[in-house]
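Student: I am new to this structure and would like a close look at a single part of it. Please take the aromatic side chains, and then place them in the rest of the chain.

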Amino acid sequence: MKKLFLLLFLALSLFAEQGKEMIQAQILEKIFQNIEINKEIILWSDNKTLLKEFEKKGRLKTADDCREATLLIVEQTKNLPKQLCQKAVFVLDYTLLKEIPESFGSMFWKKGRPNVVLIESRLKLHEIKISQELEMYVEEKIW
């Protein structure tokens, strides 16, 4: 009986994690479809699962090499390529907004809910235009 519960728990845990990745990819896809930069948006991320989700949908272009990308999605600071800091960066952890000055926004989980923050001054710095749909997520500064 214990083995059955353990097996059921593991299966549900795996399903929940996959669901979180899918939801995260959907939210990010919606964000990136509602922003405009001077170049075509080509995404690179240090989160390979997220890139696979984007590739499955086929709505956004992705790159395996960060040098080919126009927008970087970073989950951990150590994975940010040093020579490419002139590119716009979107982070997956709110604390990285403070650590990476090139980052213009963040999508993070708080209390089990997804949160999106876009920093107004950094949007202007990278010449990123957003649609009205995203205006409610714009903040003047990092809190």
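Tutor: A search of the whole structure, which is a predicted model, finds 5 aromatic pairs. One of them joins Tyr94 and Phe108, whose rings are tilted, with 5.2 Å from centre to centre and 55° between the planes. This pair links distant parts of the chain: Tyr94 sits in the loop between β5 (88–91) and α3 (95–99), while Phe108 belongs to strand β6, 14 residues apart from Tyr94. Both Tyr94 and Phe108 are buried.

Tyr94 also pairs with Trp143, and here the rings are stacked, at 4.4 Å centre to centre and 20° between the planes. Trp143 lies in the segment after β9 (138–139) and Tyr94 in the loop between β5 and α3, so this pair ties together parts that are 49 residues apart in sequence. The two partners differ in cover: Tyr94 has 10% relative accessibility and therefore counts as buried, the limit being under 20%. Trp143, with a relative accessible area of 49%, is partly exposed, because exposed would require over 50%. Elsewhere, Phe32, Phe90 and Phe104 form one aromatic cluster.

Now to the chain around these rings. The chain has 4 helices and 9 strands, and from the N terminus on they run α-β-β-α-β-β-β-α-β-β-α-β-β. Of the 143 residues, 41% are buried. Among contacts with a separation of 6 or more, 40% are between residues 24 or more positions apart. The accessible surface of the chain comes to about 9200 Å², and carbon and sulfur atoms account for 55% of that surface.

The confidence of the prediction should be kept in view. The pLDDT averages 83 over the chain, and 85% of the residues score at least 70. Over residues 1–16, however, the pLDDT is below 50, and this stretch has 0 contacts in the model beyond near neighbours in sequence.

Helix α1 (residues 2–33) includes Glu29. Glu29 counts as buried, because its relative accessibility is 4%. Its side chain makes a polar contact of 2.9 Å with the side chain of Arg59. Leaving aside neighbours within four places in sequence, Glu29 is in contact with Phe54, Lys57, Arg59 and Leu60.

One of those contacts, Phe54, is also among the buried residues of helix α2 (residues 48–57), together with Leu50, Leu51 and Glu53. These four cover an arc of only 155° around the axis, so they lie on the same side of α2. The face turned away from that buried side carries Lys52 and Lys56, which are exposed. At the start of α2, a side-chain oxygen of Asn47 comes to within 3.1 Å of the backbone nitrogen of Thr49. After α2 comes Gly58, with a positive phi near 75°.

Positive phi values also appear in residues other than glycine. Lys111 has a phi of about 55° and sits in the loop between β6 (103–110) and β7 (113–119). With 77% relative accessibility, Lys111 counts as exposed. Glu127 has a phi near 55° and is found in the loop between α4 (120–125) and β8 (129–130). Its relative accessible area is 46%, which makes Glu127 partly exposed.

Terms used. Residues are numbered from 1 along each chain as its sequence is written. This is a predicted model: local features need pLDDT of at least 70, side-chain atom pairs count only at pLDDT 80 or more; totals for chains, interfaces and linings use all residues. Side-chain values use heavy atoms; hydrogens and water are left out. pLDDT is the predictor's confidence in each residue, from 0 to 100. Contact means heavy atoms within 4.5 Å. Helices (H or I, at least four residues) and strands (E, at least two) are DSSP runs, numbered from the N terminus. Buried means under 20% relative accessible area, exposed over 50%, partly exposed in between (1.4 Å probe, protein chains only). Accessible areas come from the Shrake-Rupley method with a 1.4 Å probe; for residues, only the protein chains shown count as cover. The arc is that of the directions from the helix axis to the C-beta atoms. A polar contact is a pair of N or O atoms within 3.5 Å; within protein, one must be able to donate a hydrogen and the other to accept it, and residues adjacent in sequence count only if both atoms are side-chain atoms. Rings of Phe, Tyr and Trp (its six-membered ring) pair if their centres lie within 6.5 Å; planes under 30 degrees apart count as stacked, over 60 as edge-to-face and the rest as tilted.
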